[in-house]
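The following exercises are to be worked with the sequence and the coordinates side by side. Each task is followed by a solution in steps.

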Amino acid sequence: MKAGHQVVVIGGGIAGLAAAYVLQKDGFDTEILEASHRVGGRVLTAREPFARGLYGELGAMRLPANHEIVNEYLRELGLDDQLEPFEQANQLIYLTGLKRTITYNAFEDLLRQKDPSVLNLFPGLHDHEKGKTLDELWTEAMAPAVGMNATQIRQNYDRHTLQSYLEEVAGWSSACIQLYEYCSAHVVLENAFEESFADAYLSSEQQGTAARMRQLKGGLDRLAWAFLQQKDVDLAARIRFGARVRHVVYDRSAVETPIRITFESVAGHSVTKQADYIVFTVPCPAMTTIRVSPPFRAGKTSAINQVRYVEVTKILAQFRTRWWEKLLNQKYNAGSEGGLVTDLPIRYLMFPHSASSQFAPPQARGVVMASYTFEREAARLGVLSEADKLRLVRENLKEIFEEDLIDDTIEVSVSHNWSNDVYAGGAAFAYFSPHQHTRLYNDLLSPDWDGRACFAGEHASAYHGWIEGALRSGLRAAFQVSEHFLI
Amino acid sequence: MHKLSGRLPLTETISAAVTVSLDIAAASKIDFAEELDQEIFPDSTSLLTASGDVNFTALYLAVARKGPKEILRELGQ
């Protein structure tokens, strides 16, 4: 090994773990500095305050079957036999104007039949928008883009938000957009319709309904911890928790270890380390809290400052019994699991697969993702106290199901508003605004400081918001470090 | 879009799951920004797509399995 092989990775999320893992295996001397007390970053499995054995996901939760790099690391880390189905089919819908809960199939029948009980809730629908399900409307709207490759999508539509595309290209009425906003549960596509159409479309195409969704038994954070448990790499000995990086200096004139990193420990003392390379893997807003000297090039700095992130709030609630399994089956003939979409503040709810390892038999308790919200709706819920969130869940569920069993079974909740997550810098996941594909992407990916500083994280990938993107970006950054090292 | 022309014959089977065939220009520097411009569903069995672009899925799999230094050596960089 020639000199110049010490690498410091900022952040112990999936991107940082992947970068450190592959670099350490490749002979580099690697250290991870993680500001929090855990690995995983925006993979956040909650086991507290739930009864023993129960858990839920407050961050990333789904692993599409067509994500090849995720599959690779599941095999590498011995977790590929630990997958189970992630139930996401929409089963029920409740609209306040409709005043009743119906199955999603029944709702689609009402749309097909142009039933006034639904259509009157969305005055202003064009005639050609009536008589169609949301999927049919969406398929028609996407027709101009279907068949284009990613380059053509960007060239033709990167100037559009999802909303402006639907209005100007697909010709949707405002009422049709409202219908879609309140009645669909395409969680990747409903970020207030302000995201880049290109990002929404490409994400949907790559990770949409065709991708079989799985989850990891025992919680998705097992994936992150598994990186630390590989004895031959021993990342467990190469990570510092509670290490908050404050200042990074690059000395161009230094012959060896030109990077100087200063971090604060939770105990309050300041530590300085030298390295040959640094890999920044934290979300862009968190990166702005680290002082860098000299500043990164203007394009890099601008990209870090501008990249758009989505606001997300999730609420998990524990119930004394899994009442929904019987209710969905007997009252709605809708199986025993799946999603519910509503225009009430909780917006989206997911009853887990009945065979999920999230349950801990023989106890009858279960944890439900009781609310999943984005953007303004996430901000509104995010400011509520935990008690007020639980109260909101209880009141919304009582309105939806008209059942006393909600009061009788609801116990505790835990929530996460990613806008308030200091370690993530308030970021849930990146979703470009119009033109950001064109203007920022290359600057997000490319190294700086003469190749000594590399950058990773889902924002710096073609898979925003997915673990696949975090892994790819970590491998890409490791490749860039090696590329510079071998020159 | 960046195209690769000359090819380095380094075909091998890395695992039963995905066969990665390394055939890439020796002197070409990989531009990772091009991943965004790829076909929506790239063929993951070759390091080059049918249109001659880098197949990043295959590249990342190769980096994960063999390490970046080995891949860079095989690419002649």
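A residue is buried if 20 or more other C-beta atoms lie within 10 Å of its own, and exposed if 12 or fewer do. The model is predicted, with an ipTM of 0.91 and a pTM of 0.92.

**Exercise 1. Locate Leu36(B), decide whether it is buried or exposed, and list what it touches.**

Step 1. Leu36(B) is found in the loop that links β2 (21-24) and α1 of chain B.

Step 2. Inside 10 Å there are 20 C-beta neighbours, so Leu36(B) counts as buried.

Step 3. Once residues up to four places away in sequence are set aside, Leu36(B) touches Ala150(A), His437(A), Tyr441(A) and Ala462(A).

Step 4. Within its own chain, Leu36(B) is 18 residues from Val54(B) in sequence, and the two C-alpha atoms are 11 Å apart.

**Exercise 2. Describe the make-up of chain B and state how the confidence varies along it.**

Step 1. Chain B contains two helices and two strands, arranged from the N terminus as β-β-α-α.

Step 2. Of its 77 residues, 38% count as buried. When contacts in chain B between residues at least 6 apart in sequence are considered, 44% join residues at least 24 apart.

Step 3. The mean pLDDT of chain B is 60, and 42% of the residues score at least 70. Among the elements of this chain, helix α1 (residues 56-66) has the highest mean pLDDT, 91, and strand β1 (residues 8-11) the lowest, 28.

Step 4. The pLDDT is below 50 over residues 1-28 of chain B, a stretch that has 62 contacts in the model beyond near neighbours in sequence.

**Exercise 3. Determine how β17 of chain A is enclosed and which strands pair with it.**

Step 1. Eight of the eight residues of β17(A) are buried, so the strand is largely enclosed by the rest of the structure.

Step 2. Val312(A), Lys314(A), Leu316(A) and Gln318(A) point one way, whereas Thr313(A), Ile315(A), Ala317(A) and Phe319(A) point the other way; all are buried.

Step 3. Eight bridges join β17(A) to β20(A) in the antiparallel sense; in this pairing Leu316(A) stands opposite Met369(A).

Step 4. The pairing of β17(A) with β21(A) is also antiparallel, over seven bridges, and Ser415(A) is the bridge partner of Ile315(A).

**Exercise 4. Identify the buried residues of helices α10 and α14 of chain A, and establish on which face they lie.**

Step 1. In α10(A), residues 221-228, the buried residues are Asp221(A), Leu223(A), Ala224(A) and Phe227(A).

Step 2. Viewed down the helix axis, these residues fall within an arc of 160 degrees, so they line one face of α10(A). They pack against α1 (14-25), β3 (45-46) and β9 of chain A.

Step 3. In α14(A), residues 375-382, Glu375(A), Glu377(A), Ala378(A) and Leu381(A) are buried.

Step 4. The arc covered here is only 155 degrees around the axis, so the four lie on the same side of α14(A). Their packing partners in chain A are β16 (309-310), β17 (312-319), β20 (366-374), α15 (386-401) and β21 (410-417).

**Exercise 5. State the strand order of the sheet that contains β9 of chain A, explain which strands are at its edges, and analyse the hairpin of β7 and β8.**

Step 1. The order in the open sheet is β5-β9-β6, with antiparallel pairing.

Step 2. β5 (63-64) and β6 (83-85) of chain A each have a single partner strand, so one side of each is left without a neighbour in the sheet; these are the edge strands.

Step 3. Two bridges connect β5(A) with β9(A), residues 213-216, and Pro64(A) has Met213(A) as its bridge partner.

Step 4. β7 (residues 90-95) and β8 (residues 100-103) of chain A are antiparallel and share four bridges, with Tyr94(A) opposite Thr101(A). Four residues separate the two strands of this hairpin, and Lys99(A) in the turn has a positive phi of about 60 degrees.

**Exercise 6. Name the residues that touch the most other members of the largest nonpolar core, and give the contacts of Ala18(A).**

Step 1. The largest nonpolar core has 164 residues, of which Ala18(A), Ala19(A), Ile278(A), Val279(A), Ala317(A) and Val63(B) touch the most other members.

Step 2. Leaving aside neighbours within four places in sequence, Ala18(A) is in contact with Ala470(A), Leu471(A), Gly474(A) and Leu475(A).

Note on methods:
Residues are numbered from 1 along each chain as its sequence is written. Chains are lettered from A and ligands numbered from 1 in the order in which they are written. This is a predicted model: local features need pLDDT of at least 70, side-chain atom pairs count only at pLDDT 80 or more; totals for chains, interfaces and linings use all residues. Two strands pair if DSSP finds at least two bridges between them. pLDDT is the predictor's confidence in each residue, from 0 to 100. Two residues are in contact if their C-beta atoms, placed from the backbone, lie within 7 Å. The arc is that of the directions from the helix axis to the C-beta atoms. A nonpolar core is a set of buried Ala, Val, Leu, Ile, Met, Phe, Trp, Tyr and Cys residues joined through C-beta atoms within 7 Å.
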